[in-house]
Amino acid sequence: MSTSTTLIPMADYVRDEVNAPVPTLNSGTAHRLITRSPLHAAFGHPKLNPLWEERTSDAFDLGAAAHAVLLENDAEKIAICEFDSWRTNAAKEFRESARAAGRIPLMADDATRALAIVESARRAMARCPDLEGLGDLDAEQTLVWQDAGTGAWLRCRTDWISTDRKIIVSFKTTANAEPEKFIRSMVDFGYAMQSAFELNGTAAVYQTRPKVVYVVTETTAPYATSMIGLAPEWIELAQEQFEAAVAKWAFCLANNSWPGYPKRIAYVEPPSWAWMQWESRKPAENRRPRADFLPFEPEGDEE
């Protein structure tokens, strides 16, 4: 099995310029593959979509800036815009010029927020008793390996990994870092899938099976940070999703087949919570037993 680890620019990683013989699968593409369709996975892949363009947004720029300062200790990567908004042509030109130079354009207020996010994350990590003795961390290692079962080429990029390769630390920014609330983000954004890639990547490249810790910081004051571990149940679920995604990717790539949603009509049923919500909200005069719960058989039509 072929493996490698290297330090490469984020832009090269995003474009899948990782020196693999075929397009590689990362966690973002795998998440789209199993939650949307192979068509969405191919459309979002830089080597499968000739018209692919990297997507940017103000919210993404804020998180990217915090990552750059925290992981790379590079505040100079932030390009502070002195305009009041991005609406003017001059501001838009500044933004495009900054991105072309490999910097992250932010309004002054957002640059201040990014630094506050970083400071909160640093304090939380320093104060966490469970991270005592963590030692040095290697930042932004790109792992590339070939899956033994399918032959598919995979890639991932850890935020931090300890030098003994026994713990992975992932930094996340979010609106609400309360641990129970963060579960929703783990599902919606595929964070557990990301960790599955990192765990399988370190197993393939380093022959270790590290623990996973998320450092999750809110993007608005007071910029609270929570430390969240990946429980065994999440690891089990993420591993099943990982294996399913890799198998589907290998099949689609080998056959150059990227179907969208099923061709047949999908008859969807209301979830249980929708019925419960309606029962609690509908007017009292409309409340009656549902037909399947009637305690008697309806009478037939009289002849």
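These legends go with a set of close-up views of a predicted model.

**View 1. Helix 4 packing on helix 6.** Here helix 4 (residues 58–72) sits against helix 6 (residues 108–127), with the axes 9 Å apart and an angle of about 50 degrees between them. That angle falls outside the parallel, antiparallel and perpendicular ranges, so the two helices count as oblique to each other. Their crossing is right-handed.

**View 2. Who touches whom between helix 4 and helix 6.** On the helix 4 side, look for Leu62, Ala65, Ala66, Val69 and Leu70. Their partners in helix 6 are Asp110, Arg113, Ala114, Leu115, Ile117, Val118, Ala121 and Arg122. Sorted by class, this contact has 10 nonpolar residues, three charged ones and no polar ones.

**View 3. A salt bridge inside helix 6.** Arginine 123 and glutamate 119 pair up through their side chains, at 3.8 Å from N to O. The two are four residues apart in helix 6, which means about one helical turn separates them. Arginine 123 is partly exposed at 35% relative accessible area, and glutamate 119 is also partly exposed, at 38%.

**View 4. Arginine 15 with aspartate 12.** This salt bridge has an N to O distance of 2.7 Å. Arginine 15 comes out at 34% relative accessibility, so it counts as partly exposed; aspartate 12, at 24%, is partly exposed too.

**View 5. Glutamate 72 with lysine 77.** The side chains of this pair form a salt bridge at 3.8 Å, N to O. Glutamate 72 has a relative accessible area of 33% and lysine 77 one of 23%, so each falls in the partly exposed range of 20% to 50%. The full salt-bridge count for the model is 10.

Definitions and conventions
Residues numbered from 1 in each chain as written. Predicted model: local features only at pLDDT ≥ 70, side-chain atom pairs only at ≥ 80, totals over all residues. Heavy atoms only, no water. Axes fitted to C-alpha atoms, helices over the stretch in contact; angles between N-to-C directions. Parallel < 35°, antiparallel > 145°, perpendicular 65-115°, else oblique. Left-handed = near helix turned anticlockwise from the far one by under 90°. Contact = heavy atoms within 4.5 Å. Nonpolar A, V, L, I, M, F, W, Y, C, P; charged D, E, K, R; others polar. Salt bridge = Lys/Arg side-chain N within 4 Å of Asp/Glu carboxyl O. Buried < 20%, exposed > 50% of the residue type's maximum accessible area, 1.4 Å probe, protein only.
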